[in-house]
Amino acid sequence: MTGLENVQEQILVTRSSMPPFEEYCEEIRPLWESHWLTNRGAKHKQLEKELSSYLGVKNLTLFVNGHQALESVFAALELCKDGRDEVITTPFTFASTTHAIVRAGLKPVFCDIKSDDLTLDPAKIEELITDRTCAIVPVHVYGNLCDVEAIRKIAGRHHLKVVYDAAHAFGVECDGVGAAAFGDASMFSFHATKVFNTIEGGGISYADSALEERLIQWSNFGIEGPESVKYAGGNSKMNEFAAAMGICNLRHVDEEIAKRKLVAERYWKQLEKIPGLKMPKPSANIKYNYAYMPVLIEPTEFGTSRDDVFAALSEEGINARKYFYPLTSDFKCYEGMFAPGQEVTPIAYDAANKVLTLPMYADLSLEDVDRICNIIRRVHDGR
């Protein structure tokens with residue numbers, strides 16, 4: 001036994017979308033002729049252009065991953081200056097959001113979330129703004145868009161930048177306007193687990209065209225010319241093989257999202273009537289991407305805890321995920337830096353202790369969805 005057999009029997013929480021093998025081979029064939037493998041080659045530029053069109057924006061710059069994109073845009077926007085170093089954000093997110101803020105020399109100020117869609121609560125932002133606040137960094141959670149209009153108005157009143165973590169929101173639209181168009185900038189992750197992937201990758205969409213040069217320089221050691229280095233930048237360029245994967249996957253992404261929709265609808269039909277299970281859904285004016293399948297389990301109504309459901313699924317070879325748990329503010333690496341999430345962001349803390357994301361990907365069979373739902377139903381029924 002190599003262990004591969006056991007992996008094949010499991011249902012993973014996600015699985016990467018990939019184009020037909022022959023299609024990718026044809027896409028990368030020119031690289032053997034040009035030998036141009038990185039440094040903003042032809043595939044890189046093609047993907048930037050095609051993504052800008054797909055997402056409905058004029059400005060988009062690619063990066064090696066979403067995390068480096070986020071760090072780079074913080075630097076390019078020059079947030080940390082004039083004694084203003086506080087960023088209002090959410091602790092109900094992936095580690096990257098908070099880490100990028102801290103690594104940029106900024107201080108996260110954690111704001112609670114809304115209980116319905118788990119995004120940053122605009123009603124609680126202004127009380128946290130001080131003369132040190134320079135930006136708001138909200139997160140579109142599970143593809144649920146933040147209240148972008150309310151956040152825009154708050155930022156305008158206080159002259160703050162808004163940078164969205166849109167890692168979950170590829171292709172999501174509100175009233176016909178895409179997630180990439182909101183705020184001063186939006187970061188997208190093109191990691192292998194996302195709705196659209198470039199194997200590893202990320203991008204920044206932004207309102208001010210003047211940012212393009214700075215973002216490119218920040219991704220290439222701060223180099224502005226053959227003999228001039230303007231910034232202490234990093235190395236976060238997307239390579240041509242990753243860009244080629246993105247070009248291929250973009251051709252199929254709408255089909256992939258349509259398949260995910262069928263999976264989501266099957267989950268909702270099977271689970272929505274079980275007491276104690278809350279399943280956030282998009283509103284009617286949202287074009288959704290079905291990136292994740294979160295459920296929140298209320299122990300007193302459901303009859304047992306999220307962890308018991310997690311364990312029951314795991315015993316059957318089904319890999320769900322406690323996504324996001326714990327809150328980033330409660331990470332061990334930040335011990336002593338921030339007040340406990342239970343005190344400062346109680347709604348986020350409650351959600352982190354109840355949420356479970358179930359397997360979700362385009363090729364997940366409806367039979368496997370039924371199997372997952374039956375296990376959850378058995379746990380609820382106490383069998």
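## Buried histidine, salt bridges and voids

His140 sits in the loop that runs between strand 4 (133-137) and helix 7 (148-158). The model is predicted. His140 has a relative accessibility of 0%, so this residue counts as buried. Its side chain reaches the backbone nitrogen of Cys146 at 3.0 Å. Which residues is His140 in contact with, leaving aside its neighbours within four places in sequence? They are Leu145, Cys146, Val148, Tyr164, Asp165, Ala166, His168, Ala169 and Ala179. Cys146 therefore appears both as the polar partner of the His140 side chain and in this contact list.

### Salt bridges

A search of the whole structure gives 23 salt bridges. Three of the pairs are set out here.

| Pair | Closest N and O atoms |
|---|---|
| Arg251 and Glu27 | 2.7 Å |
| Glu71 and Arg103 | 2.4 Å |
| Asp307 and Arg306 | 2.8 Å |

Take Arg251 and Glu27, with their closest N and O atoms 2.7 Å apart. This pair links distant parts of the chain, 224 residues apart. Arg251 belongs to helix 9 (residues 240-271), and Glu27 to helix 2 (residues 21-28). Arg251 has a relative accessible area of 47%, so it is partly exposed. Glu27 is at 9% relative accessibility and therefore counts as buried.

Glu71 and Arg103 come next, at 2.4 Å between the closest N and O atoms. This pair too links distant parts of the chain: Glu71 lies in helix 5 and Arg103 in helix 6, 32 residues apart. Is Glu71 buried or exposed? Glu71 counts as buried, because its relative accessibility is 15% and the limit for buried is under 20%. Arg103 is exposed, with a relative accessible area of 58%.

In the third pair, Asp307 forms a salt bridge with Arg306. Asp307 is partly exposed, at a relative accessible area of 37%. Arg306 has 3% relative accessibility, so Arg306 counts as buried. Elsewhere, salt bridges with shared partners join Arg15, Glu255, Lys259 and Asp363 into one network.

### The largest pocket

The largest pocket has a volume of about 490 Å³. Its lining is made up of 28 residues. Which of them lie nearest its centre? Phe94, Ser189, Thr193, Lys194 and Tyr323 do. Two helices and two strands each give two or more residues to the lining: helix 5 (66-76), helix 6 (95-103), strand 8 (185-189) and strand 15 (355-358). Helix 5 and helix 6 are also the elements that hold Glu71 and Arg103. By class, the pocket lining has eleven nonpolar, 13 polar and four charged residues.

### Cavities

How many cavities of 30 Å³ or more are there? The count comes to four. The largest cavity holds about 40 Å³ of space. Its lining consists of Ser17, Val195, Phe196, Asn197, Asn249, His252, Val253 and Glu256. By class, that lining has three nonpolar, four polar and one charged residues. Glu256 is the charged one, because Asp, Glu, Lys and Arg count as charged. Val195, Phe196 and Val253 are the nonpolar residues, since Val and Phe belong to that class. Asn249, His252, Val253 and Glu256 have numbers within the range of helix 9 (residues 240-271), the helix that also holds Arg251 of the salt bridge to Glu27.

Terms used: Residues are numbered from 1 along each chain as its sequence is written. This is a predicted model: local features need pLDDT of at least 70, side-chain atom pairs count only at pLDDT 80 or more; totals for chains, interfaces and linings use all residues. Side-chain values use heavy atoms; hydrogens and water are left out. On a 1 Å grid over the protein atoms alone, a cavity is a set of points where a 1.4 Å probe fits but cannot get out, and a pocket is an open set with protein on both sides within 12 Å along at least five of seven lines; lining residues have an atom within 4 Å of a point. Grid points are joined across faces, edges and corners, and a volume is the space filled by probe spheres set on the points. Helices (H or I, at least four residues) and strands (E, at least two) are DSSP runs, numbered from the N terminus. A salt bridge is a side-chain nitrogen of Lys or Arg within 4 Å of a carboxyl oxygen of Asp or Glu. Buried means under 20% relative accessible area, exposed over 50%, partly exposed in between (1.4 Å probe, protein chains only). A polar contact is a pair of N or O atoms within 3.5 Å; within protein, one must be able to donate a hydrogen and the other to accept it, and residues adjacent in sequence count only if both atoms are side-chain atoms. Contact means heavy atoms within 4.5 Å.
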